[in-house]
Amino acid sequence: MRPLHTVAIALTLFCCSLAHAEQRGTRDEAVAMVQAVQQMARKEGLEATFASITRQDAPFKKKDLYPFVYDFDGLSVAHGSNPKMVGKSWMTTKDQDGNYLIKRMSEVATSSDGRGWVSYKWPHPITHKIQDKAAYIERLGDRYFVGVGVYMERD
Amino acid sequence: MLMLRDTSIGGKLLAIICVAACSSAFLVATIDQELSKTWAGMQSISFESRPLQMRAWKMAERIDMTHQKLFRLVAWSSTGVSPSNLDRLAKSLLDDSGAVADELNNDANWSSLAPQERDDIRSIKLGWSDYSQTLKDIVDIAPSDPALATMMLGGGDDQYQAMADRLNALNSSIANRTDAIAKATGRWAKNARLTLITASGLLGLLIVFLSVALHRLVLRPIKEVTLAMLRISAGERSFPLPTLRGKDEIGKMFDAIGQFQGKLESDRALMQHLAHHDSATGLPNRMLFFGALKDSLEKVDCSDKPVSVLLIDLDGFKLVNDSHGHPVGDALLIAVAQRALGCIGDRGLLARLGGDEFAIVCGTLDCGEACNLAAELVAAINTPFHLEGALVVRVGASIGIAVAPQDSNDASALVKMADLGLYKAKSAGRNTFRFYNEQHYSKSERLESSDAFSSLHSARELAVVQRIPDVQSPRLAEPPVGLVPDTYKPKVACR
C-alpha cells in the first residue's frame, strides 16, 4: 500500500510540473507578442491597443506571457496581467536586488536602438511568487515602450 | 535696644553690623533662591517653548508610524488576513497619510525656521508627496498582488529613508538652536549668581573697612582724648593730649580741647596768682608768705643759716592815705614795695600782709645780715617818695625781727614774735628796727633782753597807746632825723 501511494503522489507532482512547463512562454514568443502589440498600435491606434492589452484580449494572453506598456516616466498605461497597475508610476520600484527595473526599461527604450532585453525579478501572474524574469522591450510611439517578459526556470 | 544705650559706639556698630550681615545674608540667600527658581522656570519655559522642536519630532514620529503601518499592511496582505481587516488597516493608513500631509503643508507650523531648516522642510514636503503616492499605490495593489506590493515597498522605503534623514537633520538643527538658548539662560543665571556673591562679598569687605576706618579715625581718638581728659581732671595737669596728624573734625576737636586746656591752665595760673598775691602791689600776700615761711622753716634744721622774719609797718601811711586819698595811698604802697624789693634783691621774699604792713622771710641771712637788711630798708623807705602830681611824701618804717630756730620753729609764733619786735621798734620811737630777742644781735645796745621779756600783754598795750598819736599827729609822718641808731649805719648802700 505505502509504496503504491508514494508512486502515485510522485507521478501526480511530475504531471503538474510538466503542465506548468508547457505553460511557460519562450523568448521568441515574447518578441512575437511585442510585434503584435506594435502592429495593433499601428493599425488601431495606441489607445485601443492599451485598452485591449489591459482587457487581456486573446492575442495578448499566451501561456504566462502578457504585454505591458509604460511611458518614459515610468507611468503604466497598459498592463496585461494586473489592471490595477495602470495609471501608477513605477519609476521608483525596484526588485529584491535593488534593481530599478522600469527605470532600466525606460533607459533601454530611449536608447538609440529603442529595443533590448532587461533581466529582473517580478511576481508570477498565476503563482504570485517572485521569479527571475527577462523582458523584451521596444519603444512604442513617441513616448511609450512595450515589453513582454519570460519567466526563467527555477533551479 | 535699651540695653544698647550705654554700650560703646563700637559695640553699637558691631550690633548694627551683625544685624546688617544677618539680614544681607538672608537677602542674598533669598535672591539666590529666587534666582534658582527663575533659572528653573526659564529652563522649563525654554523647554515648553519648544513647540517647533516638538512639532518636528512628532512629525518624524508620525511618519515613522505611518511607514511601519505600511509595512504591516503589506505583510498582512501576503499572509492572507481577512479582507475586512486589511481594508480597515488600509483606511487608517490613508487617514494617517492625509493627516501628515495636512500637518506638513500647514505653513504656520513652520514659520519660525532657520533658512537651512526651511530647505529641509521643503525637501520633506516633496518627499512626502512622492511617498504618499507610493503609499496609495501600495494600498491599491496590496490586496490583489502582495508580492508586487512588497516590491513597491522597497521604493517607498527609499523615499521614507530620504525623508527621515532630512527630518533628523531638521530636528537636530532645531534642538541645537533651543539648546543654545537654554545654555545661554543657564550661563546668565550662573553669572548673575556669581555677580551677586561677589557684590555681597565686596559689600561685606566695605562694611569691615568702614568699621575699621571709623574705629581708627573717630572712636580711638575719642577714647584717647577721653582718657587724657580724665587723667587731667584727676590732677595730672601736664598729661599730654594725644596728637593727631590730620586736621579733620577730630583733629580740630583735639585742637579746641588743647586750646581749652591752655585757657584753663592760664586761668588757673591767674587765679593762683590772685589767690597768693596782693592786687595793689603785686607782692605775695599773707597766704603765700606763710607758705614760704613754712617751707623755709622745714629746711631750717638742715641749714646752718637761720630763718629770719622781718615785719615792716609804715609810719605815717595812714596820714597820707587820709589826707591824699586811697589812690595816692596805693601808689605809695607800690613805690614802697618797689623800693623794698630793690633793697632786698635775692636776699628774701617780700610780702604785703595787709594795710601798710609788709613782711620779709629770709632763709639765707645770719643775724648780722638781717640786721643790715633791716637798716637798709629803714633808710630806703625813709627817703622821700616822688609820686604822681609832683607829690612828695615821706614815711618811716618800723621793723620787728624774729629768728628761727632760736626764737621759735612755728611760723605763726615767729610772726607774733616779729610783731613784738615791731612794737619794740615803735616804742623805741619808730623808723627803726628791733629784734624780738635782742640777744640774737650782740651789737644791739638799745634794749636789754630783760625788757623784751617783760610781758607780752603790757608790750601790746604800750604799742596801742603809742600808735594813737601816730595817727593823729602829722608830724610823726616825718620822724626826726637821727632816729636811726648811729651804730647801725648800713653796710651796703641802697640802690
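Two strands pair if DSSP finds at least two bridges between them. Helices (H or I, at least four residues) and strands (E, at least two) are DSSP runs, numbered from the N terminus.

The model is predicted: local features need pLDDT of at least 70, side-chain atom pairs count only at pLDDT 80 or more, and totals for chains, interfaces and linings use all residues. Residues are numbered from 1 along each chain as its sequence is written, chains are lettered from A and ligands numbered from 1 in the order in which they are written, and side-chain values use heavy atoms, with hydrogens and water left out.

**Exercise 1. Work out the strand order of the open sheet in chain B and find its edges.**

Step 1. Start with the order: the five strands of this open sheet in chain B run 2-3-1-6-7, with mixed pairing.

Step 2. Now look at the ends. Strand 2 (349–354) and strand 7 (433–435) of chain B each have a single partner strand, so one side of each is left without a neighbour in the sheet. From one strand to the next, the twist averages 20° (angles run from 0 to 180 degrees between N-to-C directions, and axes are lines fitted to C-alpha atoms, for helices over the stretch in contact).

Step 3. Go through the pairs. Strand 1 (residues 307–315) of chain B is antiparallel to strand 3 (residues 357–362) of chain B, and six bridges join them. Strand 1 of chain B also pairs with strand 6 of chain B in the antiparallel sense, over nine bridges. Strand 6 and strand 7 of chain B pair in the parallel sense over three bridges.

Step 4. Pin the register down with residues. L311(B) stands opposite A359(B) in strand 3 of chain B, and its bridge partner in strand 6 of chain B is G400(B). I399(B) has F433(B) in strand 7 of chain B as its bridge partner.

**Exercise 2. Describe the surroundings of strand 6 of chain B.**

Step 1. Count burial (buried means under 20% relative accessible area, exposed over 50%, partly exposed in between, with a 1.4 Å probe and protein chains only). Nine of the nine residues of strand 6 of chain B are buried, so this strand is largely enclosed by the rest of the structure.

Step 2. Sort the side chains by direction. In a regular strand they alternate between the two faces of the sheet. Here G396(B), S398(B), G400(B), A402(B) and A404(B) point one way, while A397(B), I399(B), I401(B) and V403(B) point the other.

Step 3. Add the helices, using contact in the sense of heavy atoms within 4.5 Å. Helix 10 (residues 367–382) of chain B lies across strand 1, strand 3, strand 6 (396–404) and strand 7 of chain B, at about 165° to strand 6 of chain B. Helix 11 (residues 411–427) of chain B touches strand 1, strand 3, strand 6 and strand 7 of chain B too, and its direction makes about 140° with that of strand 6 of chain B.

**Exercise 3. Characterise the packing of helix 2 of chain B against helix 4 and helix 5 of chain B.**

Step 1. Take helix 4 to begin with. Helix 2 (residues 51–79) and helix 4 (residues 115–141) of chain B pack at about 25°, with their axes 11 Å apart. That makes helix 2 of chain B roughly parallel to helix 4 of chain B (angles under 35 degrees count as roughly parallel, over 145 as roughly antiparallel, 65 to 115 as roughly perpendicular and the rest as oblique).

Step 2. List the contact. Among the residues that meet are I63(B) and L70(B) from helix 2 of chain B, and W128(B) and L135(B) from helix 4 of chain B. By class, this contact has nine nonpolar, two polar and no charged residues (Ala, Val, Leu, Ile, Met, Phe, Trp, Tyr, Cys and Pro count as nonpolar, Asp, Glu, Lys and Arg as charged, and the others, Gly among them, as polar).

Step 3. Turn to helix 5. The axes of helix 2 and helix 5 of chain B come within 9 Å and cross at roughly 165°, which makes the two helices roughly antiparallel. Their contact divides into 18 nonpolar, eight polar and three charged residues.

**Exercise 4. Lay out the sheet of chain A and what packs on it.**

Step 1. The open sheet has five strands in the order 2-1-5-4-3 (chain A), with antiparallel pairing. Strand 2 (76–79) and strand 3 (115–123) of chain A stand at the edges.

Step 2. Strand 3 of chain A pairs with strand 4 (residues 130–140) of chain A over nine bridges, and S119(A) has A134(A) as its bridge partner in strand 4 of chain A. Helix 2 (residues 27–44) of chain A packs on the sheet, making about 35° with the direction of strand 4 of chain A.

Step 3. Finish across the chains: helix 5 of chain B lies across strand 3 and strand 4 of chain A, at about 110° to strand 3 of chain A.
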